[in-house]
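This report looks at how some helices of one chain meet each other, and at how confident the predictor is along the way. Please keep the structure in view while reading.

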Amino acid sequence: MESFPLLNIWSAYSLLRSSWDIDKGLAELKRLGYRTVGLADFQSLAAAELFSRRAAHLDMATWLGMTVALAPDLHVMLYAQSPDGWQLLCTMVQEGVPTELDRLASPHLLLVLPAASYEDQRLWPAVTALKFGGLVEELRPEQASHGLPWIPACPVRYHAREEDAYQILMHMGEHLPQPGACSASSPQSVLAPYPVEWRPLLFQELPPSVLPQERARLPVFLETPSQDQEQLVYQAKMGLDAWNPTPKEPYEARLQHELNIIVSMGYASYFLIVADLVQYARSKSAPMARWGRVLS
């Protein structure tokens, strides 16, 4: 059975605050027979990592990207083809997404052209000369192919049996429901209206792994984690000696207990960095406020 990614699941804000529930939606797509699925939210990557993790639990591969507005009436979709592509998308979100197509071009990004841009002279034919990692076009059955890999135009906007809720949300947001907006259908149903001779160009590539694979690591304060552990123990015990409470033994036992926990969790460097910041602030007479484990 042919399975293409639904590359246009788009909440128009963030899937984290959407009526399209990630777990429910992915389970529905899995049941329908999809092996790949994509997320290209509107100029947002807010739900991308969660979306990818939940899909992986269902043995589904994910294309991750975002929808970019080149003009109020012109959008394109960009998907990361490598970790460098993912970092590029993250940088765009942080620093501002360009509105010029040539500034978006990168060999690490896959460009998907929506069906609404089929004859838009702002894209065609100049887009084929830009250095994207790949081009895919979204097509409706009545549109003729440009000879590029393609996916069917199937705007997924709500879950099965929730069309009324979609209409109400659009009305509340003062938007018109998108023509053709629907719940997910099986690959066979979606492809049925399209010419059979188009099938060889149907985009079915498996997505690459683009998210960081390594766990986040804290920087070290000195040169090695072991040196940081020794330094933290030394500074903590020196501080206790300077305080010199009476009786001292209960405090020594408590300090050792706390240090064992901090060292075992790998947080020695973190505590030294925070202590260094506090000492610097004090040296500059900067006001500080402490509340539990929070310092500002």
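## Two helix contacts

In this predicted model, helix 1 and helix 2 touch through I22, D23 and L26 on the side of helix 1 and through L50, F51, R54 and A55 on the side of helix 2. Sorted by class, this contact of helix 1 with helix 2 holds five nonpolar and two charged residues, with no polar ones. The axes of helix 1 and helix 2 cross at roughly 45 degrees, which makes helix 1 oblique to helix 2, and helix 1 passes helix 2 in a right-handed crossing.

A second pair lies further along the chain, where the axes of helix 7 (residues 225–243) and helix 9 (residues 268–283) cross at roughly 55 degrees, so that helix 7 is oblique to helix 9. Here the crossing of helix 7 with helix 9 is left-handed, and the contact is formed by D228, Q229, Q231, L232 and Q235 of helix 7 together with A268, S269, F271, L272 and Q279 of helix 9. By class, four nonpolar, five polar and one charged residues make up the contact of helix 7 with helix 9.

| Helix pair | Axes come within | Crossing angle |
|---|---|---|
| Helix 1 (residues 22–32) and helix 2 (residues 48–57) | 10 Å | roughly 45 degrees |
| Helix 7 (residues 225–243) and helix 9 (residues 268–283) | 8 Å | roughly 55 degrees |

As for confidence, the chain has a mean pLDDT of 83, with 82% of its residues reaching 70 or more. Among the elements of the chain, helix 7 has the highest mean pLDDT, at 94, whereas strand 9 (residues 294–295) has the lowest, at 52.

Terms used: Residues numbered from 1 in each chain as written. Predicted model: local features only at pLDDT ≥ 70, side-chain atom pairs only at ≥ 80, totals over all residues. Heavy atoms only, no water. Axes fitted to C-alpha atoms, helices over the stretch in contact; angles between N-to-C directions. Helix = DSSP H or I, 4+ residues; strand = E, 2+ residues; numbered from the N terminus. Parallel < 35°, antiparallel > 145°, perpendicular 65-115°, else oblique. Left-handed = near helix turned anticlockwise from the far one by under 90°. Contact = heavy atoms within 4.5 Å. Nonpolar A, V, L, I, M, F, W, Y, C, P; charged D, E, K, R; others polar. pLDDT = per-residue confidence, 0-100.
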